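Reader: Could you pick one part of this model and take me through it slowly? I'd like to know how it sits against its surroundings.

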Amino acid sequence: MSSPAQQKGQAVKEALAKTDDIKPAVTTEESEELTQLSKALLEQAIEVGKENEHYDKYNFVQLPYAKLQNGNYIPLIGLGTYKSQDIGGSVEASLRAGYRHIDCASHYGNEPLIGEAITKVLAEGVVKREQLFITSKLWNDDHEAHKVKPALVKTLKDLGLDYLDLFLVHWPFTDQNTKELTPPYKETWQAMEKLVQEGLAKNIGVSNMSIKKLKDVLSYAKVKPAVNQVEVHPYFRNQDLIDYCASEGVHVTAYSSLGTPSSAGHLVKKSAPNPSHDPIIREIGKKRDRIAQEVIIRWGMQHGTSVLVKSGTPKHIKSNIVNTTNWALTDEEYAAITGIKHQLRLLDGCPWLHEVGPYRTFEELWDDEGETERERNKLISEVYNFVDIPTVTVGNEDEMPLISFGTGPAVENETRWEIKEAIQSGHRHFDVSTTGQLAEVKEGLGLAFLEKMVSRDELWITATVRNYYDIAGSVKQILKDLDLDSLNLLLLPADGSMETIRTRWEQLEDLYKRNLVQAIGLRDCTVYQLQQLMASSDMVPSVVSVEVHPYHKNEELVTFCKKKDIFVISHSPSGMETGKSKSEERSQLLTDPVVTGIAYEINKANKQLNQHRLQVLLRWVLQYGVAAVCEAAGKEIDRANVGVFEWELKTQDFKKLSNIKPS
């Protein structure tokens, strides 16, 4: 029987040998007109530059081109400028390396720096303006007819140019959440057409445009879109759109051409597979003495698109163009890459969907019969940890997950990512510290909601009162800081006299009646305080949050709460209160020999559980009948924490833990 490595190698060989009638698009090398153009432009560039004192700093490349419908030519490889570090240096390096196509956008916020670099290079005299192909884009808030020309004029000023070679409408929507697209796209396009008439743009085009939406534009356009710039790479071929554009004479430019997940900009897609790691692509690269990225760029050009690439170093900027323009994939190699089954749109436009409109769903945005949403959900199911965390009914008949994720000063400046990783690990209950990083918590939750990782209804948010002088005001501030309409649970620390606690409790009752909180409870209380409060209040606490762990079982309070149907949460299951810096307080409990011994035996019996000392203590708390707050500990530990519901402590181990005492 062959090994996994041998099986993988055989699959790669079979893919490389299988053509399935997939053929590359017509490339420059196969068009006599474009071949002659490419040679002529190269000779012209060399002739212009060779007498120049800066000539030795420049590299000259025979670029492949595509012919646009109005007779202009676009280089098939260009420099992308989105989120590029040292953008000025990158543009200078690219123009000296042989690039002539630079892709910009006002939204990228770096056009003044790009303009300085272009001006500097043109001043050296080796490269002429007419040899360049400069693209920019109209942003969403400039779609109204009277804003289109001023937007382009500003871009030209920032870039230091008199005209653009191509001006695109960045997205098929505006910054207004209305039922219908406002203003209509037709209004925007007609204003774009005037730019061509005035000589401010040689070509105009669209971006992120589906077949259906492009058909609509073509139905009324007097100046047809020259280009549709969309996402294209081996893991998202966008074949139907490319074929349709070709049938209408609309050239396609590929962004995110390497398919790198980190370029997606969205949380969900950053965990997607990377084409440069694909065994088929890597095998071709090995065979052709090219790195995977160079193989992907070459595939993009043979796929019928101009390809936008970027890099942070002059060395890679140069190799991206030199090592992709002097060879071609064979039909078999092209077919093997084009036949890769995994397909996923990285930039799915999720942040632009809105319940009002104009696009409420991925299908409405991309007109793809739900394909984007299906593939997105498939990725989520593969990457996310969907754990059936048990819940308990509290408050207004709401279900509270038995494990919560605590935030606090210990994760300052990291909370937004801890929240994201916790959600990805399966956590749905968050205990936020009102003395902690609420701004970061808000950002983490906001990103999760924006990316549709989870909905607000799927999460349980717990907070604790800290400002006793204005409890209602402080809760409203918490809600404002977190951008939420209500809290699922609000806890009141049992500080002060009983009269003080009662007065504060009445304020919590009022918040509950006003639907600002769905459940209320006490923190760090005693049985006596509970009894006194229950005897004189309209509402019984739904939850109490106290210290519970094997060194401090808090038996009297836990027993009392069980009798009164009050649920208990342990805010310190490891013997160390969540949110406190580990450098300030070390838990003796975590190093207790009974705890470490049980953890060792559990993992010895079943290594797949990957349960450690902390999970042993969490499991004890849960079997003791108490919920638990976990602190941020990284993705691996977060997943292990929610994994405690997949196993149970043996009876004898539970008893051992229940009987240990601090030394």
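Author: Helices here are DSSP runs of H or I with at least four residues, strands are runs of E with at least two, and both are numbered from the N terminus. Keep in mind that this is a predicted model, where local features need pLDDT of at least 70, side-chain atom pairs count only at pLDDT 80 or more, and totals for chains, interfaces and linings use all residues. Residue numbers start from 1 along each chain as its sequence is written, and side-chain values use heavy atoms, leaving out hydrogens and water.

Let's go for α4, residues 111-124. Its 14 residues reach 20 Å from first C-alpha to last, close to the 20 Å expected (1.5 Å times one less than the number of residues). Right after α4 comes Gly125, with a positive phi near 85°.

Now for what's tucked away. Glu111, Ile114, Gly115, Ala117, Ile118, Val121 and Glu124 of α4 are buried, meaning under 20% relative accessible area with a 1.4 Å probe, protein chains only. An α-helix has 3.6 residues a turn, so residues three or four places apart point the same way. For the protein as a whole, 56% of the 663 residues count as buried.

And the cover? For the buried residues of α4 it includes helices α3 (87-97) and α5 (145-159), plus strands β4 (101-103) and β5 (133-138); contact means heavy atoms within 4.5 Å. Those two strands follow one another in a closed barrel of 8 strands, β3-β4-β5-β6-β7-β8-β9-β10, with parallel pairing (at least two DSSP bridges between two strands). Zooming right out, the protein has 24 helices and 20 strands.

Note on methods:
Buried < 20%, exposed > 50% of the residue type's maximum accessible area, 1.4 Å probe, protein only.
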